[in-house]
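Here is a short set of questions on how two protein chains meet. Look at the structure first, then work through the answers.

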There are 2 protein chains.
Amino acid sequence: MRMPSEANGPDAGAGALLKILRDGQARTRAELVQLTGLARSTLGQRLDALVSQRWVVPAEEAISSGGRPAVAFTFNRSARVVLAADLGATHARVAVTDLGTEVLAERAAEVPIDRGPEETLHWLQRTFEEMLAESGHTTGEVCGIGVGLPGPVEHSSGRPVNPPIMPGWDGFPVPEWLGERLGAPVLVDNDVNIMALGEHWAARPEADHLIFVKVGTGIGCGIISDRRLHRGAQGAAGDIGHIQVSPTLDVVCRCGNCGCLEAVASGAAVAARLREAGVEATGGRDIVRLVRSGNTQAVQLIRQAGREIGEVLASIVNFFNPSVIVVGGDVAEAGEQILAGLREVIYSRSLPLATQHLTITASDLGDRAGVIGAAVMVIEHVLAPGAADHVPGRP
Amino acid sequence: MRMPSEANGPDAGAGALLKILRDGQARTRAELVQLTGLARSTLGQRLDALVSQRWVVPAEEAISSGGRPAVAFTFNRSARVVLAADLGATHARVAVTDLGTEVLAERAAEVPIDRGPEETLHWLQRTFEEMLAESGHTTGEVCGIGVGLPGPVEHSSGRPVNPPIMPGWDGFPVPEWLGERLGAPVLVDNDVNIMALGEHWAARPEADHLIFVKVGTGIGCGIISDRRLHRGAQGAAGDIGHIQVSPTLDVVCRCGNCGCLEAVASGAAVAARLREAGVEATGGRDIVRLVRSGNTQAVQLIRQAGREIGEVLASIVNFFNPSVIVVGGDVAEAGEQILAGLREVIYSRSLPLATQHLTITASDLGDRAGVIGAAVMVIEHVLAPGAADHVPGRP
């Protein structure tokens, strides 16, 4: 997943220092010696390396504690840039951010993922290069590239694993392909995981345990456990679209089973039910438009979809006891109707202890959750304490 | 939860050193300087403190690297003892262990938890004191006390929260009560959490994500996410007994809802069905006896209970993607019959990616999982890097 070089990351041993400094507060050498327990000479060497690479800069105002004012150091959010992409089934959102996820440049485009990896990634490479140039940066300043894909991804290799809606992508070496062309390490994850990361970082940093449910063409969720992404043993965690909700219902799902959540409550399923009722609808955006215009059938169906998703989430609330459930994705833009159905079932079926302080809410970041999350994934990786100690290819 | 003093834990700042040394390998001062990045003088001070408190001892054989042999240091598992208790609805298991969870003394007894906290904890205090004396130790050597209770526990205070089968225990200050009498910090958690900890530590240390399902009078599970216990926002995670499995079934559960897993598949539920069929059975142990003696009705019912538990676990496998599911508790002693029903449903309902390397197995530790886990909870707390930096009451 880390390709092809981490030359743009901080040097080995700097992790603990950066972890302390990245909160943005300025600190003197003496304070840093105390906080890290490092010998003054070791601290000096590591601090010098970080300053020479511009990860850390002397703060403008020096700190005085009675005697001679001491120079303070602070984290430099502009030291490097991050390239982030959220590739969906048909849309893509791409951004250049700083190390605090501030967006320096951003684009959205129609890019059908089913055209295969070569065509999609060529477009992405070109777009990244154009956006870097437009925002006045170079590939030399890129510390990492984060990519979200609409299907299962093996976390250790960054390769898609049998993604159902991505013909040609199975096992494709996305990190190597992009990394060789752009000269920076590449991290890949599925779209719901990065949406959970983005929403947690930007809108709900205080939540220890968060579930981000994406309701779009399909249904899936990203899981934050103890402030960290829970990917599961095969990176398959969060695949709630194939949990059975209606065993008696004769709806065959693309997975081969009957009564899966996705087969009854996804954007695709609701659109199909609308068409059966003679209402024109092809996907999530049509449903949202119909709901907003007050179409009764659409409102009824989306509320029922909310109840069916609520059934699955009621079990998850008992099992996982999250503090926040965030609902995002195309269909979630239908807003309160879907949340109402969802809450109705969760409050009636989950245990009071688990729901008494539970927040159930729409996504704050909306369609930017994924691209912000892709940037967060890179920043967390590059600045993780000790990450640089295990850089492949370093002696 | 930590009461009343941590005088028997290692000194502040020793965390990082102990984390390295507790794997049991012997290391020289030079190796420890390199591994910690600490200044030689700081390392020396911390090492001296640990040696004077006997947390660390000089290794028997010195290490030679060509020149003069250097003294090596190693973690001392016998430095302190741990008191551990697993209190169930009617049985209790109590142990004295060393810092590697080796059991130095152990007892099992019939102790009905519904006699209330005072009577139960008086018994526990007496038993701990007797076992300490018998094993040749004193309360001065106790570094901590771990207690598992059969109900929800607020993790931060160690107090039971509305425990349904524990009259008189709601909000009772267990850590303060025991801590004042035995002079050591007390950690309390619910029984399934400590069973998950014990099984993970002793039998499945390689598993990143593990679910321990206890099937006894009730049904609950303990969750290990990324090698750490996932307790959830209110400490209520793992309460799967009240997930709905049979909405159409007219079985009212003690929680007030219908068709809960616990109301159809727990030891109490299966025993009730057996009695309806004219077979004498009051709980899990009777069911196990009947299954082992080949009683067809008991075998059928326990297999069906396995299927119902499997329905809930199939959803959890899709959501959480564990690497191991361990089944324990009284009823689980019925062994392969319950596992067969469980596997049947999980393999048919969960996604292939999530089940391809999934292990579904009976508990290795059996009825010792809880007491070993209670000891693990204490050891992890006392030896956690940095834990001693935040000791309440220390200047």
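Q: How many residues does each chain bring to the contact?
A: This is a predicted model. Contact here means heavy atoms within 4.5 Å. Chain A gives 44 residues, and chain B gives 44 residues.

Q: What relation links chain B to chain A?
A: A rotation of 180 degrees lays chain B on chain A, with an RMSD of 0.1 Å. The shift along the axis is 0.0 Å. That is the relation of a two-fold axis.

Q: What share of the contact residues of chain B recur in chain A?
A: The two copies use the same surface. The share that recurs is 100%.

Q: Which residues of chain B lose the most area to chain A?
A: The two chains bury about 3,700 Å² between them. Carbon and sulfur atoms carry 55% of that. Three residues together make up 22% of what the side of chain B buries: Gln234(B), Phe319(B) and Arg349(B).

Q: Which residue forms a salt bridge with Asp226(B)?
A: The rule finds two salt bridges across the interface of chain B and chain A. In one of them, the closest N and O atoms are 3.4 Å apart, and the cut-off is 4 Å. The partner of Asp226(B) is Arg228(A).

Q: Which element gives the most to the side of chain B that touches chain A?
A: Elements giving two or more residues to that side include β12 (219–225) and α11 (336–349) of chain B. The top contributor gives five residues. That element is α10(B).

How values were computed:
Residues are numbered from 1 along each chain as its sequence is written. Chains are lettered from A and ligands numbered from 1 in the order in which they are written. This is a predicted model: local features need pLDDT of at least 70, side-chain atom pairs count only at pLDDT 80 or more; totals for chains, interfaces and linings use all residues. Side-chain values use heavy atoms; hydrogens and water are left out. Copies are superposed by least squares on the C-alpha atoms of residues with pLDDT of at least 70 in both. Buried area is the accessible area (1.4 Å probe) that two parts lose on being put together, summed over both. A salt bridge is a side-chain nitrogen of Lys or Arg within 4 Å of a carboxyl oxygen of Asp or Glu. Helices (H or I, at least four residues) and strands (E, at least two) are DSSP runs, numbered from the N terminus.
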